[in-house]
Amino acid sequence: MAITESILSIVLAEAEKRDATRVKTVKIEVGELTNIVGDCVKFYFELMSKDTLASGAEVEIAEVPLQAKCPLCGKVKRVENLDFICECGTGMKIIAGKELAISAIEIE
Amino acid sequence: MEIKLQQNILASNNKIAADLRKIFEDKGIYVINLMASPGAGKTSFILQTIENLKNDLNIAVIEGDIASKVDAEKVREHGVTTIQINTGGACHLDANMIRGTLGFLNLDETDLIIIENVGNLVCPAEFDLGETVKMVILSVPEGDDKPLKYPRIFIESEVLVLNKIDLLDYTDFDINRLKGTVNNLNPDINIFEISCKSADGIDSWISWLKDKIRKHLKS
């Protein structure tokens with residue numbers, strides 16, 4: 001819920017800054033490793049945005065896959081089954097999959 | 001009209017956390033963000049840590065709970081400054097809540113702050129509180145599969161405390177399986193096997209922490 005509150009306040013601030021009459025779409029990027037449930041965000045957003053410029057806006061959620069890079073050999077891989085060990089045996093560092101960002105909004 | 005934003009949703013939390021981290025560093029305070037599920041033994045662990053360090057360090061505890069001050073009262077009985085945050089439903093602490101406690105702490109005379117996060121393995125890992133170290137406690141009755149179910153918290157933590165090892169003989173918990181899973185997720189993690197009840201393993205945790213605090217104060 002705190003996350004959705006934060007999304008709504010960012011969206012409204014941006015819409016007001018641009019004198020929008022309504023927000024049509026909110027596009028969100030969610031990393032695979034975040035604990036965000038897209039349907040919950042959509043549900044809370046609908047409730048919280050009532051009587052605001054964002055009322056009725058569609059929330060689109062795009063998942064960013066988990067990727068890691070080996071600090072030793074530089075190999076990058078898509079992490080599956082939470083396997084962070086590189087082919088060379090080294091523990092890899094996460095380079096994508098922790099995102100939690102509003103990528104774009106569509107306004108009128 | 002579409003407007004590209006690429007705005008981090010947690011940016012305002014992260015900004016406050018960065019300010020807090022600067023304050024804690026300037027004052028030489030070591031801050032632990034202690035996370036675990038309900039019943040893993042966070043409060044018992046804090047009490048053990050206090051008992052072992054209270055003669056050497058000035059300690060303060062920030063207790064996060066959805067409601068009640070049960071834990072805060074237990075901790076306060078041990079003679080350390082204790083501040084209760086009731087989140088009123090939120091399943092984690094955020095940086096703004098921690099900022100709100102600073103006025104109740106004597107930062108010039110505090111060496112160690114232990115933040116007991118809300119009991120939950122999911123949300124707390126997402127929120128930076130400006131801490132020096134993130135820790136997670138897992139207890140034997142919860143099972144050795146938890147890192148597979150809640151990987152983020154084990155990836156983010158520098159320390160894993162395995163509590164209630166006195167119960168190992170009564171369960172099918174497999175320490176080697178746990179270590180294999182956790183080391184795969186986070187090869188740099190420090191693991192301590194302890195029992196808050198019997199005090200087994202507490203010494204090695206305390207000596208690790210003392211060493212970290214000593215280095216932190218010097219830096």
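Trainee: What is the order of the strands in the open sheet of 4 strands?

Mentor: Let's start there, keeping in mind that this is a predicted model. The pairing in this sheet is mixed, and neighbouring strands are turned by 20° against each other on average, direction ignored. Reading across the open sheet, the order is 2(A)-1(A)-6(A)-1(B).

Trainee: Which strands are the edge strands of that sheet?

Mentor: Look for strands that pair on one side only. One of them belongs to chain A and the other to chain B. The edge strands are strand 2 (58–64) of chain A and strand 1 (2–8) of chain B.

Trainee: Do strand 1 and strand 6 of chain A run parallel or antiparallel?

Mentor: Strands of a sheet pair through backbone hydrogen bonds, and both directions can occur. Here, 7 bridges join residues 23–31 to residues 100–107 of chain A. In one of these pairings, Val23(A) has Ile107(A) as its bridge partner. Strand 1 and strand 6 of chain A run antiparallel.

Trainee: Which helix of chain A lies across strand 1 and strand 2 of chain A?

Mentor: Follow residues 38–48 of chain A. They run at about 160° to strand 2 of chain A. The element you want is helix 2 of chain A.

Trainee: Is Glu14(A) buried or exposed?

Mentor: First find Glu14(A) in helix 1 of chain A. Leaving aside neighbours within four places in sequence, Glu14(A) is in contact with Ile105(A) and Leu5(B). The relative accessibility of Glu14(A) is 9%, and the cut-off is under 20%, so Glu14(A) counts as buried.

Trainee: How many disulfides are there over all chains?

Mentor: A disulfide needs two cysteine sulfur atoms within 2.5 Å. The cysteine sulfur nearest to that of Cys73(A) belongs to Cys86(A), 3.6 Å away, so Cys73(A) is in no disulfide. For Cys88(A), the nearest is that of Cys70(A) at 3.7 Å, so Cys88(A) is in no disulfide either. Over all chains, the count comes to 0.

Trainee: What is the relative accessible area of Cys88(A)?

Mentor: Partly exposed residues fall between the buried and exposed cut-offs of 20% and 50%. Cys73(A) is partly exposed, at 47%. Cys88(A) is partly exposed too, with a relative accessible area of 41%.

Trainee: Which helix gives the most to the lining of the largest pocket?

Mentor: This pocket has a volume of about 720 Å³. Its lining has 30 residues, and among those nearest the centre are Met1(A) and His92(B). Helix 1 (2–17) and helix 2 of chain A, together with helix 1 (11–26) and helix 4 (95–99) of chain B, each supply at least two lining residues. The one that gives the most, with 5 residues, is helix 1 of chain A.

Trainee: What is the pairing in the open sheet of 7 strands in chain B?

Mentor: The order of this sheet is 4-3-5-2-6-7-8, with strand 4 (81–86) and strand 8 (190–193) of chain B as its edge strands. Within the sheet, 5 bridges join strand 2 (residues 30–36) to strand 6 (residues 133–139) of chain B. One bridge pairs Ile32(B) with Val133(B). The pairing of the sheet is parallel.

Trainee: Which helix packs on the sheet at about 160° to strand 8 of chain B?

Mentor: Helix 2 (residues 42–53) of chain B also packs on the sheet, but its direction makes about 170° with that of strand 5 of chain B. The helix you want covers residues 175–185 and touches strand 6, strand 7 and strand 8 of chain B. That is helix 7 of chain B.

Conventions. Residues are numbered from 1 along each chain as its sequence is written. Chains are lettered from A and ligands numbered from 1 in the order in which they are written. This is a predicted model: local features need pLDDT of at least 70, side-chain atom pairs count only at pLDDT 80 or more; totals for chains, interfaces and linings use all residues. Side-chain values use heavy atoms; hydrogens and water are left out. Two strands pair if DSSP finds at least two bridges between them. Axes are lines fitted to C-alpha atoms, for helices over the stretch in contact, and angles run from 0 to 180 degrees between N-to-C directions. Contact means heavy atoms within 4.5 Å. Buried means under 20% relative accessible area, exposed over 50%, partly exposed in between (1.4 Å probe, protein chains only). On a 1 Å grid over the protein atoms alone, a cavity is a set of points where a 1.4 Å probe fits but cannot get out, and a pocket is an open set with protein on both sides within 12 Å along at least five of seven lines; lining residues have an atom within 4 Å of a point. Grid points are joined across faces, edges and corners, and a volume is the space filled by probe spheres set on the points.
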